[in-house]
Amino acid sequence: MRMRMRTSTLRRLCAALLLAAALAPAASGQAPAHSPRWEVVAVTDAAQNSHASAPQTPELEVEVRDGGVVLITVDRPATVKVFSILGQLITEKNVQPGTVRLRMDSRGIYILKAGTATRRINL
(Lines give C-alpha, C1' and ligand atoms only; values in the text may rest on other atoms or scores of the structure.)
Protein backbone atom coordinates (compact mmCIF):
# COMPACT_ATOMS: atom_id res chain seq x y z
CA MET A 1 0.00 0.00 0.00
CA ARG A 2 2.83 2.36 0.75
CA MET A 3 4.27 1.74 -2.72
CA ARG A 4 0.94 2.64 -4.37
CA MET A 5 0.79 5.97 -2.56
CA ARG A 6 4.31 6.88 -3.68
CA THR A 7 3.58 5.96 -7.30
CA SER A 8 0.32 7.86 -7.27
CA THR A 9 1.95 10.92 -5.70
CA LEU A 10 4.81 10.76 -8.18
CA ARG A 11 2.39 10.59 -11.11
CA ARG A 12 0.45 13.62 -9.85
CA LEU A 13 3.64 15.57 -9.35
CA CYS A 14 4.85 14.77 -12.88
CA ALA A 15 1.50 15.74 -14.36
CA ALA A 16 1.52 19.04 -12.46
CA LEU A 17 5.06 19.84 -13.64
CA LEU A 18 4.20 19.05 -17.26
CA LEU A 19 1.10 21.24 -17.09
CA ALA A 20 3.06 24.10 -15.51
CA ALA A 21 5.75 23.87 -18.20
CA ALA A 22 3.13 23.89 -20.97
CA LEU A 23 1.33 26.94 -19.57
CA ALA A 24 4.41 28.99 -18.60
CA PRO A 25 4.97 30.80 -21.95
CA ALA A 26 1.27 31.63 -22.29
CA ALA A 27 1.03 32.96 -18.75
CA SER A 28 4.05 35.24 -19.13
CA GLY A 29 2.25 37.38 -21.73
CA GLN A 30 5.33 37.65 -23.91
CA ALA A 31 5.03 37.49 -27.67
CA PRO A 32 6.84 34.62 -29.35
CA ALA A 33 10.28 35.48 -30.72
CA HIS A 34 9.13 34.75 -34.27
CA SER A 35 6.20 37.18 -34.38
CA PRO A 36 5.92 39.28 -37.56
CA ARG A 37 6.67 43.00 -37.25
CA TRP A 38 4.79 45.67 -39.22
CA GLU A 39 6.31 49.08 -40.07
CA VAL A 40 4.77 51.96 -42.05
CA VAL A 41 7.15 53.01 -44.84
CA ALA A 42 5.09 55.61 -46.75
CA VAL A 43 1.55 56.97 -46.55
CA THR A 44 -0.30 58.38 -49.57
CA ASP A 45 -3.42 60.52 -49.78
CA ALA A 46 -6.48 58.29 -50.25
CA ALA A 47 -8.41 61.13 -51.98
CA GLN A 48 -6.01 61.31 -54.92
CA ASN A 49 -6.26 57.55 -55.49
CA SER A 50 -10.05 57.21 -55.33
CA HIS A 51 -12.00 57.21 -58.59
CA ALA A 52 -15.77 56.87 -58.97
CA SER A 53 -15.40 53.86 -61.26
CA ALA A 54 -12.56 52.24 -59.31
CA PRO A 55 -13.18 48.70 -58.04
CA GLN A 56 -13.61 48.13 -54.30
CA THR A 57 -10.63 45.76 -54.25
CA PRO A 58 -7.45 47.61 -53.32
CA GLU A 59 -4.67 47.72 -55.88
CA LEU A 60 -2.02 45.51 -54.29
CA GLU A 61 1.71 45.39 -54.97
CA VAL A 62 3.92 42.94 -53.09
CA GLU A 63 7.71 42.87 -53.19
CA VAL A 64 9.78 40.27 -51.34
CA ARG A 65 13.32 41.17 -50.29
CA ASP A 66 16.14 39.24 -48.65
CA GLY A 67 16.03 38.77 -44.92
CA GLY A 68 12.31 37.99 -44.70
CA VAL A 69 11.15 41.50 -45.63
CA VAL A 70 7.89 41.97 -47.54
CA LEU A 71 6.92 45.42 -48.90
CA ILE A 72 3.16 45.81 -49.36
CA THR A 73 1.68 48.77 -51.24
CA VAL A 74 -2.06 49.46 -51.37
CA ASP A 75 -3.95 52.37 -52.96
CA ARG A 76 -6.82 52.45 -50.44
CA PRO A 77 -7.36 51.36 -46.81
CA ALA A 78 -7.35 47.57 -46.53
CA THR A 79 -7.02 44.74 -44.07
CA VAL A 80 -3.94 42.73 -44.98
CA LYS A 81 -3.83 39.16 -43.71
CA VAL A 82 -0.96 36.70 -43.95
CA PHE A 83 -1.67 32.97 -43.74
CA SER A 84 0.61 29.94 -43.57
CA ILE A 85 0.42 27.52 -46.47
CA LEU A 86 -1.80 25.39 -44.20
CA GLY A 87 -4.32 28.22 -43.83
CA GLN A 88 -3.42 29.38 -40.31
CA LEU A 89 -3.61 33.14 -39.78
CA ILE A 90 -0.09 34.39 -39.01
CA THR A 91 -0.75 38.12 -38.77
CA GLU A 92 -3.17 40.80 -39.90
CA LYS A 93 -3.18 44.59 -39.95
CA ASN A 94 -5.44 47.38 -41.15
CA VAL A 95 -3.23 49.48 -43.41
CA GLN A 96 -3.75 52.93 -44.87
CA PRO A 97 -2.95 53.80 -48.50
CA GLY A 98 0.79 53.64 -48.98
CA THR A 99 3.55 51.15 -48.26
CA VAL A 100 4.14 49.00 -45.20
CA ARG A 101 7.04 46.70 -44.41
CA LEU A 102 6.42 43.29 -42.88
CA ARG A 103 9.38 41.46 -41.36
CA MET A 104 8.92 37.69 -41.11
CA ASP A 105 11.45 35.67 -39.13
CA SER A 106 10.39 32.27 -40.45
CA ARG A 107 11.14 31.13 -43.97
CA GLY A 108 8.42 29.42 -45.95
CA ILE A 109 5.50 29.92 -48.30
CA TYR A 110 2.74 32.29 -47.19
CA ILE A 111 -0.56 33.55 -48.61
CA LEU A 112 -1.20 37.31 -48.41
CA LYS A 113 -4.75 38.66 -48.79
CA ALA A 114 -5.94 42.27 -49.04
CA GLY A 115 -9.65 42.54 -49.81
CA THR A 116 -10.23 39.98 -52.55
CA ALA A 117 -6.67 40.23 -53.91
CA THR A 118 -4.43 37.27 -53.06
CA ARG A 119 -0.67 36.81 -53.50
CA ARG A 120 1.74 33.99 -52.72
CA ILE A 121 4.91 34.92 -50.83
CA ASN A 122 8.05 32.77 -50.93
CA LEU A 123 10.57 33.61 -48.22
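Accessible areas here come from the Shrake-Rupley method with a 1.4 Å probe, and for residues only the protein chains shown count as cover. On that basis the protein exposes about 8800 Å². Carbon and sulfur atoms supply 55% of this area. The model is predicted: local features need pLDDT of at least 70, side-chain atom pairs count only at pLDDT 80 or more, and totals for chains, interfaces and linings use all residues. Residues are numbered from 1 along each chain as its sequence is written, and side-chain values use heavy atoms, with hydrogens and water left out.

Start with the layout. The protein has two helices and eight strands. Both kinds of element are DSSP runs, numbered from the N terminus: helices are H or I with at least four residues, strands are E with at least two. Read from the N terminus, the order is α-β-α-β-β-β-β-β-β-β. Of the 123 residues, 25% are buried. Buried means under 20% relative accessible area, exposed means over 50%, and partly exposed lies in between (1.4 Å probe, protein chains only). Contact means heavy atoms within 4.5 Å. Among contacts between residues at least 6 apart in sequence, 57% join residues at least 24 apart.

Now the sheets. Strands of a sheet pair through backbone hydrogen bonds, either parallel or antiparallel. Two strands count as paired here if DSSP finds at least two bridges between them. One open sheet has four strands in the order β1-β6-β3-β2, with antiparallel pairing. Its edges are β1 (37–43) and β2; each has a single partner strand, so one side of each lacks a neighbour in the sheet. Neighbouring strands of this sheet are turned by 20° against each other on average, direction ignored. Such angles use axes that are lines fitted to C-alpha atoms, for helices over the stretch in contact, and run from 0 to 180 degrees between N-to-C directions.

Follow β3 through this sheet. Six bridges join β2 to β3, and the two run antiparallel. They form a hairpin with three residues between them. Gly67, in the turn, has a positive phi of about 85°. Arg65 has Val69 in β3 as its bridge partner. Val62 stands opposite Ile72 in β3. With β6, β3 again pairs in the antiparallel sense, over six bridges. There Ile72 has Val100 of β6 as its bridge partner. Five of the six residues of β3 are buried, so this strand is largely enclosed by the rest of the structure.

Just past β3 comes a link back to Glu59. Asp75 sits in the loop between β3 and β4. Asp75 and Glu59 are 16 residues apart in sequence, but their C-alpha atoms are 5.5 Å apart. The Asp75 side chain reaches the backbone nitrogen of Glu59 at 2.8 Å.

The other open sheet also has four strands, in the order β5-β4-β7-β8, and its pairing is antiparallel. Here β5 (89–95) and β8 stand at the edges with a single partner strand each, so one side of each is left without a neighbour in the sheet. Its neighbouring strands are turned by 20° against each other on average, direction ignored. β7 and β8 pair in the antiparallel sense over six bridges. One of the partnerships involves Ala114, whose bridge partner in β8 is Ala117. Ser84 lies in strand β4. Ser84 counts as buried, at 11% relative accessibility. Beyond its neighbours within four places in sequence, Ser84 is in contact with Ile90, Ile109, Tyr110 and Ile111.

What fills the interior? In soluble globular proteins, nonpolar side chains tend to be buried together. A nonpolar core is a set of buried Ala, Val, Leu, Ile, Met, Phe, Trp, Tyr and Cys residues joined through side-chain atoms within 4.5 Å. The largest one here has 18 residues. Those with the most contacts inside it are Trp38, Leu60, Ile72, Val80, Leu102 and Leu112. The elements giving two or more residues to this core are β3 (69–74), β4 (78–84), β6 (98–103), β7 (109–114) and β8 (117–122).

Leu60 deserves a closer look. This residue is in strand β2 (residues 60–65). Leu60 is buried, with a relative accessible area of 5%. Not counting residues up to four places away in sequence, Leu60 touches Ile72, Thr73, Val74, Leu112, Ala114, Ala117 and Arg119. The C-alpha atoms of Leu60 and Thr99 are separated by 10.0 Å, with their positions 39 residues apart along the chain counted as the separation.

Definitions and conventions: Polar contact = N/O pair within 3.5 Å; in protein donor to acceptor, adjacent residues only side chain to side chain.
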